[in-house]
Each structure stands twice: as C-alpha cells, then as structure tokens.
Amino acid sequence: MVKNKCGPRIFKEVCKRSKLPILSPHALRHSHAVHLLEAGANKKYVSERLGHASVKVTADTYLHVTDKI
C-alpha cells in the first residue's frame with residue numbers, strides 16, 4: 001500500500017495560512033464526531049458516517065468527551 005504524504009503537508013500549510021491550529025486528521029475526525037453528537041445527530045448516523053462497525057464503538061469512543069449529551 002502506498003501512502004500519500006502530500007495530504008498532511010498541504011493540510012498543515014492551509015492551517016498556517018488560515019491562522020488555525022494545526023490538528024491531525026484524526027483530531028478533526030474526533031471533533032467532527034463530537035460536534036455532530038452535541039448537535040443532536042443520531043448515533044447510528046454518526047457511526048455510519050465514521051465507518052464504525054457498530055453504534056457501540058461510536059458511543060464508547062465519543063460520548064464520554066462531552067457533558068452536553
């Protein structure tokens with residue numbers, strides 16, 4: 001399997017130019033999931049969007065992060 005090393009470099013540059021904190025793609029994925037859940041998105045929808053094998057994986061990974069849910 002060939003990894004694309006250009007993506008992270010470009011992402012880092014976009015963050016710098018936008019004066020945003022430089023986060024990893026994983027951190028963005030985590031933030032996205034938490035924000036969806038806090039906004040009231042259905043856990044099954046979030047689980048499918050993230051490609052998790054089950055809703056339990058999503059709940060165990062993301063629901064503990066916020067007090068809003």
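**Close-up 1. Lys56 forms a salt bridge with Asp60 in this predicted model.** Here the closest N and O atoms come to 2.6 Å of separation. Both partners belong to helix 4, where they sit 4 residues apart, or about one turn of the helix. A handy rule goes with this view: an α-helix has 3.6 residues a turn, so residues three or four places apart point the same way. Lys56 counts as exposed, at 56% relative accessibility, while Asp60, at 47%, counts as partly exposed.

**Close-up 2. Thr58 is tucked into helix 4.** That helix covers residues 55-62. Is Thr58 buried or exposed? With a relative accessible area of just 1%, Thr58 is buried, because the cut-off for buried is under 20%. Setting aside neighbours within four places in sequence, you'll find Thr58 in contact with Lys43, Val46, Ser47, His52 and Leu63. With one of these, Ser47, there is a polar contact between side chains, at 3.2 Å. Leu37 is 21 residues away from Thr58 along the chain, and the C-alpha atoms of the two are separated by 10.0 Å.

**Close-up 3. Helix 2 has a buried face.** Which residues of helix 2 are buried? They are Ala33, Val34, Leu36 and Leu37. Looking down the helix axis, you'd see these buried residues fall within an arc of 160°, so they line one face of helix 2. They pack against helix 3 (43-50) and helix 4. Over on the other side of helix 2, Pro25 and His35 are exposed.

**Close-up 4. Helix 2 from end to end, and what follows.** Helix 2 runs through residues 25-38, which makes 14 residues. At 1.5 Å a residue, helix 2 should span 20 Å, and its end C-alpha atoms are indeed 20 Å apart. Just after helix 2 comes Gly40, with a positive phi of about 100°.

**Close-up 5. Lys44 and Glu48 pair up in helix 3.** This is another salt bridge, with the closest N and O atoms 2.9 Å apart. The two residues are 4 residues apart, about one turn of the helix. Lys44 is partly exposed at 48% relative accessibility, and Glu48 is exposed at 51%.

**Close-up 6. Glu13 meets Arg17 in helix 1.** How many salt bridges turn up in the whole structure? A search finds 3, and this pair is one of them, its closest N and O atoms being 2.9 Å apart. Helix 1 spans residues 6-17, and since Glu13 and Arg17 are 4 residues apart in it, about one helical turn separates them. Glu13 counts as partly exposed, at 35% relative accessibility, whereas Arg17 is exposed, at 69%.

Notes
Residues numbered from 1 in each chain as written. Predicted model: local features only at pLDDT ≥ 70, side-chain atom pairs only at ≥ 80, totals over all residues. Heavy atoms only, no water. Buried < 20%, exposed > 50% of the residue type's maximum accessible area, 1.4 Å probe, protein only. Contact = heavy atoms within 4.5 Å. Polar contact = N/O pair within 3.5 Å; in protein donor to acceptor, adjacent residues only side chain to side chain. Expected span 1.5 Å × (residues − 1). Arc of directions from axis to C-beta. Salt bridge = Lys/Arg side-chain N within 4 Å of Asp/Glu carboxyl O.
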